[in-house]
Each structure stands twice: as C-alpha cells, then as structure tokens.
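Biologist: I am new to reading structures, so please choose one part of this one and take me through it slowly, giving each term its cut-offs as you go.

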Amino acid sequence: MTYPCKVAIVGAGYMADEHIKAFRDIPGVELSGIFSRTYERAMNLAQKWSIPKICCSIDELYKNTRADLVIVAVPELATKSVVQECFRYSWVCLVEKPVGYNLFEAEAISQLAKILGVKAFVALNRRHYSSTLGMLNDLAKNLGPRLIQIQDQQDAIAALKAGQPEEVVANWMYANSIHLIDYLSILVEVQ
C-alpha cells in the first residue's frame, strides 16, 4: 500500500459515516471521494468530512480518485450488485457486514472475489471496541478453563417496524449473528 492511502466510499448512510470517522484519524489516509445512489446524502457527508469528490457512479468514483481502497457501506439488498461493480477495479474492497442478505449471496460474492482475484475484506469492527479489548485483556490473565455460552436475540417484528425490508428480515439472524460468530472465533483463539 502506498501513502497517502486514498480511500473512496460507496454509500452515505450511518455506517459510511462511522467508517469515515475511523479512517480520517489514521495517519497517511486521504478520504478521496464518495458515491451514493442518493446524491444529496453523499454531498452532505462530503461537506461534513471535507471529502473532495462527490461522484455519480462507481466508475466515476474510481476514475476520479484512483483510490487504493473502497469502503462499501450500502444496504444488504444492494451489496451484491455494488460489490460486483467494485470488483471491476483494482482497489482493495472493505465490505460492511453482512456481506449480502443471506448465506447464498455471501458465498456467491466470496466466489466472485476469488475468481477475479480481488482483495476483499469484511469490516469486523467489534474486534476493536474498547469493551472487546478489555475482555481480551481480562481473559489473557485467566488461563483456567473457560465455558463460553452464546445467546442471541433478534426481534424480527422490531426490524420490520424500523423499516427493514421483508427479504432482509427473513434472514435477520444471518445478518446479525456475524458479530457473535466473530466473537466466538476470537474467544477460541485466546485459549
């Protein structure tokens, strides 16, 4: 990776904003451009974070920024088509979770990345939360036996009321359990 590392963003919602906050504080990172299907939202984020280029397509985003990395932070039902388009370019792709709205779609995206030789990663940001780092620090001090219990609760009715599409809600456990699976993999590594 060369420095400055140029970063482009696809999406202009809450998670795009969160990724921008994180990347703007990394030395050597330059927020180069943004694209969203809603131009006004992209413009608002660009103004908020002084992102120099607001683009009208992924193609324009790549051509106008020549970014090293693209962050894909779009709704679940848009992820597959957006990453398929992003995979056409030579940037590294950081895809917000969940990757697709169900396992079948995630596997198709993963397979396409392999076929095309794309460097694509999933944003597993909870690994870096202060609460997670504190837990790992505490566990490192306790080498005794460990019992891990996983309990998950997802409220599909609340998700529908919040405006989530039915197709996403039908796969709600898939969409949200990635955090638990990631925590489990971290806890197994610690032992």
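Modeller: What follows begins with the whole chain and then turns to one part of it, a group of helices and a strand with their surroundings.

This is a predicted model, in which local features need pLDDT of at least 70 and side-chain atom pairs count only at pLDDT 80 or more, while totals for chains, interfaces and linings use all residues. Residues are numbered from 1 along each chain as its sequence is written, and side-chain values use heavy atoms, with hydrogens and water left out.

The protein has nine helices and six strands, where helices (H or I, at least four residues) and strands (E, at least two) are DSSP runs numbered from the N terminus. Its radius of gyration is 18 Å, close to the 16 Å that the globule rule gives for 191 residues, so the protein is as compact as a globular protein of that length; the radius is taken over C-alpha atoms, and the rule is 2.2 Å times the number of residues to the power 0.38. The C-alpha trace spans about 55 × 40 × 35 Å along its principal axes. Of the 191 residues, 39% count as buried, a word that stands for under 20% relative accessible area, with exposed for over 50% and partly exposed for values in between (1.4 Å probe, protein chains only). Among contacts between residues at least 6 apart in sequence, 67% join residues at least 24 apart, a contact being heavy atoms within 4.5 Å.

A good place to start the close look is I9, which is found in strand β1. With a relative accessibility of 0%, I9 counts as buried. The chain places I9 and I34 25 residues apart, yet their C-alpha atoms are separated by 4.6 Å. Once neighbours within four places in sequence are set aside, the residues in contact with I9 are A16, I20, L31, G33, I34, F35, I51, L61 and I71.

One of those contacts, L61, leads on to helix α3. In α3, which runs over residues 58–65, the buried residues are I58, L61, Y62 and T65. They cover an arc of only 95° around the axis, which puts them on the same side of α3; the arc is that of the directions from the helix axis to the C-beta atoms. The elements that cover these buried residues include β1 (5–10), β2 (29–35), β3 (53–55) and α4.

Helix α4, named in that cover, can be read in a similar way. It spans residues 76–86, and E76, A78, T79, V82, V83 and C86 are buried there. Seen down the axis of α4, these buried residues fall within an arc of 125°, so they line one face of the helix.

The next helix to consider is α2, whose buried residues are A42, L45, A46 and W49. These residues cover an arc of only 100° around the axis, which puts them on the same side of α2. On the other side of α2, E40 and Q47 are exposed. The buried residues of α2 pack against α1 (14–24), β2 and β3, and β2 and β3 are also among the elements that cover the buried residues of α3.

It is worth looking at what comes after two of these helices. Most residues other than glycine have a negative phi, and most peptide bonds are trans. α2 is followed by S50, whose phi is positive, near 55°, although S50 is not a glycine. S50 lies in the loop between α2 (39–49) and β3, and at 63% relative accessibility S50 counts as exposed. Just after α3, R66 likewise takes a positive phi of about 45°, and R66 is a residue other than glycine. The place of R66 is in the loop between α3 and β4 (69–72), where R66 counts as partly exposed, at 48% relative accessibility.

Further along the chain there is also a case that concerns the peptide bond itself. K97 and P98 are joined by a cis peptide bond, with omega about -5°, and P98 sits in the loop between β5 (92–96) and α5 (103–116).

To draw the part together, I9 is buried in β1, while α2 and α3 each have their buried residues on one side, and each of these two helices is followed by a residue with a positive phi, S50 after α2 and R66 after α3.
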